[in-house]
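Open the model in your viewer and keep the sequence panel beside it. This tour goes stop by stop, with a selection to make at each one.

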Amino acid sequence: MTWYTRASHANWHSFAALRRAYPTADLVGRLTVFNIGGNNFRLIVRVEYKRQEIYIRHVLTHAEYDKGNWKDDPWF
């Protein structure tokens with residue numbers, strides 16, 4: 001919920017701006033990966049900076065993330 005609250009009020013216009021708020025966020029293809037839940041989960045989203053929209057694509061454990069099946073997502 002902390003991530004959702006912060007992201008809902010964010011005004012990110014670029015990945016660089018997002019990284020100022022979340023320095024550990026990674027850009028993987030067209031998706032952004034966040035460590036959440038005390039670093040127990042990976043949140044994978046698509047950020048549309050011009051439209052100020054965020055699309056949650058996956059919430060995975062680290063083990064699920066490491067399998068890489070999420071990369072089959074057509075938004076990747």
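The stops run from the whole chain to its strands, then to single residues and a pocket.

**Before you start**

This is a predicted model, in which local features need pLDDT of at least 70 and side-chain atom pairs count only at pLDDT 80 or more, while totals for chains, interfaces and linings use all residues. Residues are numbered from 1 along each chain as its sequence is written, and side-chain values use heavy atoms, with hydrogens and water left out.

**Stop 1: the whole chain**

Show the protein chain as a cartoon. There are three helices and four strands. Helices here are DSSP runs of H or I with at least four residues, strands are runs of E with at least two, and both are numbered from the N terminus. Trace the chain from the N terminus and the order reads α-α-β-β-β-β-α. The radius of gyration is 12 Å, close to the 11 Å that the globule rule gives for 76 residues, so the chain is as compact as a globular protein of that length. That radius is taken over C-alpha atoms, and the rule is 2.2 Å times the number of residues to the power 0.38.

Now show C-alpha atoms alone. Along the principal axes they fill a box of roughly 30 × 30 × 20 Å. Colour by accessibility next. Buried residues make up 33% of the 76 residues. Buried means under 20% relative accessible area, exposed means over 50%, and partly exposed lies in between (1.4 Å probe, protein chains only).

Contacts come up at several stops; the term means heavy atoms within 4.5 Å. Among contacts between residues at least 6 apart in sequence, 30% join residues at least 24 apart.

**Stop 2: β2 and β3**

Select residues 31–36, which are strand β2. Add 41–48, which is β3. The two strands pair in the antiparallel sense over five bridges. Pairing requires at least two DSSP bridges between the strands. Find I36: it stands opposite F41 in β3. The hairpin has four residues between its strands, and G37 there takes a positive phi near 60°.

Click N39, in the loop between β2 and β3. N39 also has a positive phi, about 70°, although it is not a glycine. Most residues other than glycine have a negative phi. N39 is partly exposed, with a relative accessible area of 43%.

**Stop 3: T32**

Stay on β2 and select T32. Is T32 buried or exposed? At 1% relative accessibility, T32 counts as buried. Show its surroundings. Not counting residues up to four places away in sequence, T32 touches ten residues' worth of neighbours listed here in full: F15, L18, A25, D26, L27, L43, I44, V45, V47 and Y49.

**Stop 4: β3 and β4**

Select β3 again. Seven of its eight residues are buried, so β3 is largely enclosed by the rest of the structure. Add β4, residues 53–61. Eight bridges join β3 to β4, and the two run antiparallel. Two pairs to check: I44 has H58 as its bridge partner in β4, and R46 has Y55.

β3 and β4 form a hairpin with four residues between them. Click Q52 in that loop. Q52 is not a glycine, yet its phi is positive, at about 55°. At 36% relative accessibility, Q52 counts as partly exposed.

**Stop 5: D73**

Move to the segment after α3 (62–67) and pick D73. At 9% relative accessibility, D73 counts as buried. Leaving aside neighbours within four places in sequence, D73 is in contact with R57 and H58. Draw a C-alpha to C-alpha distance from D73 to H58: they are 9.4 Å apart in space and 15 residues apart in sequence.

**Stop 6: the largest pocket**

Select W3, Y4, A7, S8, A10, W12, V47, E48, Q52, E53, I54 and I56, the lining of the largest pocket. The elements that give two or more residues to this lining are α1 (2–8), β3 and β4. Which element gives the largest share? That is α1, with four residues. By class, the lining has eight nonpolar, two polar and two charged residues. Ala, Val, Leu, Ile, Met, Phe, Trp, Tyr, Cys and Pro count as nonpolar, Asp, Glu, Lys and Arg as charged, and the others, Gly among them, as polar.

The pocket volume is about 170 Å³. A pocket is an open set of points on a 1 Å grid over the protein atoms alone, where a 1.4 Å probe fits, with protein on both sides within 12 Å along at least five of seven lines; lining residues have an atom within 4 Å of a point. The volume is the space filled by probe spheres set on the points, which are joined across faces, edges and corners.
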